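These are my notes from a first look through a structure that I had not opened before. I went from the whole chain to single residues and wrote down what I looked up.

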Amino acid sequence: RSITKAGNTGRVDTLVDVIRDSIDRMNLINISTALHRVAKFTPELSNAKVAWIKAQPCFAELQKRLWSHTSQIRENPRMREASSDMRCLSIVCWSYATLGI
């Protein structure tokens, strides 16, 4: 909920701070929510600000954790059947496309 609240502040810096502070506790739902909230800011931000976000260490860590979760999904057939995981991955795809990743 802290990611959603931070996203609702309208301040991308606040959102980045919350992501940085909570990344160690994030599951796939949190990761996809964080990416989605960052991506929602993109139309309002300058290219320099988007580049700043992408350059943040927490953003790289977010992506690293995402790949770890997707590896687990690929290796575990039961996880592939979970609709919440698939929904999260569709949100990640939209977010990546919006962020130009």
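How much area does the protein chain expose, and what share of it do carbon and sulfur atoms supply? I looked this up first, keeping in mind that the model is predicted, and I found about 6,000 Å² exposed, with carbon and sulfur atoms supplying 52% of that area.

Entry on the overall build. I counted seven helices and zero strands in the protein chain, and, reading from the N terminus on, I wrote the order of elements down as α-α-α-α-α-α-α. Taken along the principal axes, the box that the C-alpha atoms fill is roughly 40 × 25 × 20 Å. I then checked the radius of gyration, which is 13 Å for the protein chain and agrees with the value near 13 Å that a compact globule of 101 residues would have.

Entry on burial, contacts and charge. Of the 101 residues in the protein chain, I noted that 40% count as buried. Looking at contacts with a separation of 6 or more, I found that 71% of them are accounted for by residues 24 or more positions apart. I also looked up the charges, and the mean position of the 15 positive ones lies 3 Å from the mean position of the 9 negative ones.

Entry on helix H2 and the loop after it. I turned to Asp 21, which sits in helix H2, residues 12–22, and which counts as exposed because its relative accessibility is 52%, where the cut-off for exposed is over 50%. The side chain of Asp 21 makes a polar contact of 3.2 Å with the side chain of Arg 20. When I compared Asp 21 with Leu 45, I found the two 24 residues apart in sequence, with their C-alpha atoms 22 Å apart in space.

In the loop between H2 and helix H3 I picked out Asn 27, which is partly exposed with a relative accessible area of 37%. A polar atom of the Asn 27 side chain lies 2.8 Å from the backbone nitrogen of Asn 30. I also noted that Asn 27 and Arg 65 are 38 residues apart along the chain, while their C-alpha atoms are separated by 8.5 Å.

Entry on helix H3. Which residues does Ser 32 contact, leaving aside its neighbours within four places in sequence? I found Cys 88, Ile 91 and Val 92, and I noted that Ser 32 itself lies in helix H3 and counts as buried, since its relative accessibility is 1%. Lys 40 is also found in helix H3, but at 43% relative accessibility this residue counts as partly exposed. From Lys 40 I looked across to Trp 94, 54 residues away along the chain, and the C-alpha atoms of the pair are separated by 10 Å.

Entry on helix H5 and the loop before it. I found Gln 56 in the loop between helix H4, residues 47–55, and H5. Is Gln 56 buried or exposed? With a relative accessibility of 18%, Gln 56 counts as buried, because the cut-off for that class is under 20%. The C-alpha atoms of Gln 56 and Ile 91 are separated by 21 Å, and the two residues are 35 residues apart along the chain.

My last residue was Thr 70, whose place is in helix H5, residues 57–75. Thr 70 counts as buried at 10% relative accessibility, and I noted that its side chain reaches the backbone oxygen of Trp 67 at 2.9 Å.

Methods
Residues are numbered from 1 along each chain as its sequence is written. This is a predicted model: local features need pLDDT of at least 70, side-chain atom pairs count only at pLDDT 80 or more; totals for chains, interfaces and linings use all residues. Side-chain values use heavy atoms; hydrogens and water are left out. Helices (H or I, at least four residues) and strands (E, at least two) are DSSP runs, numbered from the N terminus. The radius of gyration is taken over C-alpha atoms; the globule rule is 2.2 Å times the number of residues to the power 0.38. Buried means under 20% relative accessible area, exposed over 50%, partly exposed in between (1.4 Å probe, protein chains only). Contact means heavy atoms within 4.5 Å. Accessible areas come from the Shrake-Rupley method with a 1.4 Å probe; for residues, only the protein chains shown count as cover. Lys and Arg count as positive and Asp and Glu as negative; His and the chain ends are not counted. The place of a charge is taken as NZ of Lys, CZ of Arg, CG of Asp or CD of Glu. A polar contact is a pair of N or O atoms within 3.5 Å; within protein, one must be able to donate a hydrogen and the other to accept it, and residues adjacent in sequence count only if both atoms are side-chain atoms.
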